[in-house]
Amino acid sequence: MCTLSYPVTNSRTTIDKGHMPTIPPRAEMEQAYRRSDASYDGVFFLGVRTTGVFCRPSCGARKPRPRNVEYFATPHDALIAGYRPCKRCQPMVAIGQPPAWVGRLLAEVERDPTRRLTDAHIRSFGIDPARARRFFQKNHGMTFQAYSRSRRLGKALEQIRRGERLDDVALGYGYDSHSGFRDAFARTFGGPPGRGRATKCIKVSWIESPLGPLIAGATDESLVLLEFTERRMLETQFATLRRHFKRPIVPGENRILLQARRELGQYFAGELKKFSVPIDFPGSEFQQRVWKGLLKIPYGKTMSYEDLAGKIREPRSQRAVGHTNGLNRIAVIIPCHRVINKNGELGGYGGGLWRKQALLELERGERTY
Ligand SMILES: [Zn+2]
């Protein structure tokens, strides 16, 4: 994760986040959601882990426990994470009075999310497919087809997450052939699932943690990705991995992922201070120096961006160091969370400051899981 860590925190600083939509701090979202504050509708969305439903902040349904809530910037992110839209607050429908046909179309999808709805299907509901495309594009930044694909893919990813076999997943979820699933997967994750099982590939899987699930990627030799599941970043991160490794990215498990899962379990239990799972983090020479510098910060200690810049003999590159810190692809293990502002403030953290705080407290023995 660590997508954003900056030596200077200034709310007016404009940071290029790769045009990724951002969401407010978690505490603010929790409060907005607790109050069902409609002024936050469209600002963020939230998924309820126990029900698999995602909502807008103003939803009137019973509130789950805060730890069962996951926040998203867009409905697309929530869909990819495997959530389905709440029937009550209809988060897919733009704020205001939605056209009735949109509600009808969404209801059709939810009747069987695994089904692939063609233009002919849409027409048979008395809806013009072109109009549906335009509406979704305008209101959700994606076509209706992309919406249903995300919904199907989210379902499929849930299954992969639960460890079901890829073939069953592909066949059971509206992909009449593996190629359909491969295409959908490739569009989202940039690599065909299944292919390359025999050849070299990057396997991706989920790792549960007390701070929420992490997505992990590994070659047969080393861990190359570990991110808190701010899934909107995944496409970017996968693109970078593909560029560096030139290998397909497929859901699955391997020895390295098992080792990472085991070690993270021990880390969160406070029983492991030094990871030994092999990691690989290709990047520019400068990036490598920053990331290697991070690896030298001991467990339980912190360092300022300035000191890190000095350590790697780039005293004038604080900002670049901070930015590179934020590009770290292997959260927790490459401890970008241990870099804080000189004045002791936390600075930034792509996984959310609450996670940075929690990791530091865990390492100081002030928090147990
Ligand atoms: Zn709702």
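Which residues of helix α11 are buried? The legends below take up this helix, then the salt bridges and the zinc site, in a predicted model.

**View 1. The buried residues of helix α11.** Helix α11 spans residues 285-295, and its buried residues are Gln 287, Val 290, Trp 291, Gly 293 and Leu 294. Looking down the axis of α11, these buried residues fall within an arc of 155°, so they line one face of the helix. An α-helix has 3.6 residues a turn, so residues three or four places apart point the same way. Among the elements that cover the buried residues of α11 are α12 (305-311), α13 (318-326) and β10 (339-340).

**View 2. A salt bridge within helix α11.** Arg 289 pairs with Glu 285 in a salt bridge, with 3.3 Å between the closest N and O atoms. Both residues, Arg 289 and Glu 285, belong to helix α11 and are 4 residues apart, about one turn of the helix. Arg 289 has a relative accessibility of 27% and counts as partly exposed. Glu 285, at 55% relative accessibility, counts as exposed. A network of salt bridges links Glu 285, Arg 289 and Glu 314. Side chains of opposite charge can pair when their charged atoms come close.

**View 3. The salt bridge between Arg 338 and Glu 363**. The closest N and O atoms of Arg 338 and Glu 363 are 2.8 Å apart. This pair links distant parts of the chain, 25 residues apart: Arg 338 is in the loop between α13 and β10, and Glu 363 is in helix α14 (residues 353-363). Arg 338 and Glu 363 are both buried.

**View 4. The salt bridge between Glu 361 and Arg 367**. The side chains of Glu 361 and Arg 367 meet at 3.0 Å, N to O. Is each partner buried or partly exposed? Glu 361 is buried, with a relative accessible area of 16%, whereas Arg 367 is partly exposed, with a relative accessible area of 29%. In the model the count of salt bridges comes to 9.

**View 5. The zinc site and its four cysteines**. The zinc ion is coordinated by the SG atoms of Cys 55, Cys 59, Cys 86 and Cys 89, at 2.2 to 2.4 Å. What is the geometry of the site? The site is tetrahedral, with angles of 106 to 122° among the 4 donor atoms. Ideal angles at a metal are 109.5 degrees for four tetrahedral donors. The count of disulfides in the model comes to 0.

**View 6. The zinc donors along the chain.** In sequence, the donor residues of the zinc ion follow the spacing C-x3-C-x26-C-x2-C. Cys 59 lies in the loop between β2 (53-55) and β3 (69-72), and Cys 86 lies in the loop between β4 (84-85) and α3 (100-111), so this pair ties together parts that are 27 residues apart in sequence. Cys 55 has a relative accessibility of 4% and counts as buried. Cys 59 counts as buried at 2% relative accessibility, and Cys 86 is buried with a relative accessible area of 9%.

Methods:
Residues numbered from 1 in each chain as written. Predicted model: local features only at pLDDT ≥ 70, side-chain atom pairs only at ≥ 80, totals over all residues. Heavy atoms only, no water. Donors = N, O, S within 2.8 Å, 3.2 Å for Na, K, Ca; no water. Tetrahedral: all angles 85-135°; square planar, octahedral: opposite > 155°, others 65-115°. Helix = DSSP H or I, 4+ residues; strand = E, 2+ residues; numbered from the N terminus. Buried < 20%, exposed > 50% of the residue type's maximum accessible area, 1.4 Å probe, protein only. Arc of directions from axis to C-beta. Contact = heavy atoms within 4.5 Å. Salt bridge = Lys/Arg side-chain N within 4 Å of Asp/Glu carboxyl O. Disulfide = S-S within 2.5 Å.
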